[in-house]
Amino acid sequence: MGRGRQKAKATKQARDIKYYSPNTDYTALQRELGATERRVSSRYTESPVEPDYSAYEDKYADKFSEDDDEVDTRRIG
């Protein structure tokens, strides 16, 4: 006995949590988001420089043919 009362209390608590909506302080949220944007933008002013790989582009292209990538379908044994 007592299971009904326990279940009713759990249901009430779940409903209270589900429909709980605290007052939102939008000015504090705006300050927090604005501070994050300023910090990120000042820290990363320039994009990182990517190395130049153009010298390696076709250096070995003539040594290998396109068919070398295929899997050998012969059976051994």
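Three short exercises on this predicted model follow, each with a worked solution.

**Exercise 1.** State how many helices and strands the protein has, and what share of its residues is buried.

Solution. Start with the secondary structure: two helices and zero strands. Then take burial: of the 77 residues, 1% are buried. Finish with the surface: the accessible area is about 8,800 Å², and carbon and sulfur atoms hold 51% of it.

**Exercise 2.** Compare the span of helix 1 with the expected value, then decide how the helix sits.

Solution. Helix 1 covers residues 3-18, which is 16 residues. From first C-alpha to last, helix 1 reaches 22 Å, close to the 22 Å expected at 1.5 Å a residue. Now count its buried residues: zero of the 16, so helix 1 lies largely in the open.

**Exercise 3.** Place Leu-29, classify its exposure and find its surface partners.

Solution. Leu-29 lies in helix 2, residues 26-43. Its relative accessible area is 39%. That falls between the 20% and 50% cut-offs, so Leu-29 is partly exposed. On the surface, Leu-29 joins Tyr-26 and Leu-33 in a nonpolar patch. Together the three have about 330 Å² of accessible area.

Methods:
Residues numbered from 1 in each chain as written. Predicted model: local features only at pLDDT ≥ 70, side-chain atom pairs only at ≥ 80, totals over all residues. Heavy atoms only, no water. Patch = residues over 30% accessible without salt bridge, like charges linked within 9 Å, V, L, I, M, F, W, Y side chains within 5 Å. Areas by Shrake-Rupley, 256 points an atom, 1.4 Å probe, with all protein chains shown as cover. Salt bridge = Lys/Arg side-chain N within 4 Å of Asp/Glu carboxyl O. Helix = DSSP H or I, 4+ residues; strand = E, 2+ residues; numbered from the N terminus. Buried < 20%, exposed > 50% of the residue type's maximum accessible area, 1.4 Å probe, protein only. Expected span 1.5 Å × (residues − 1).
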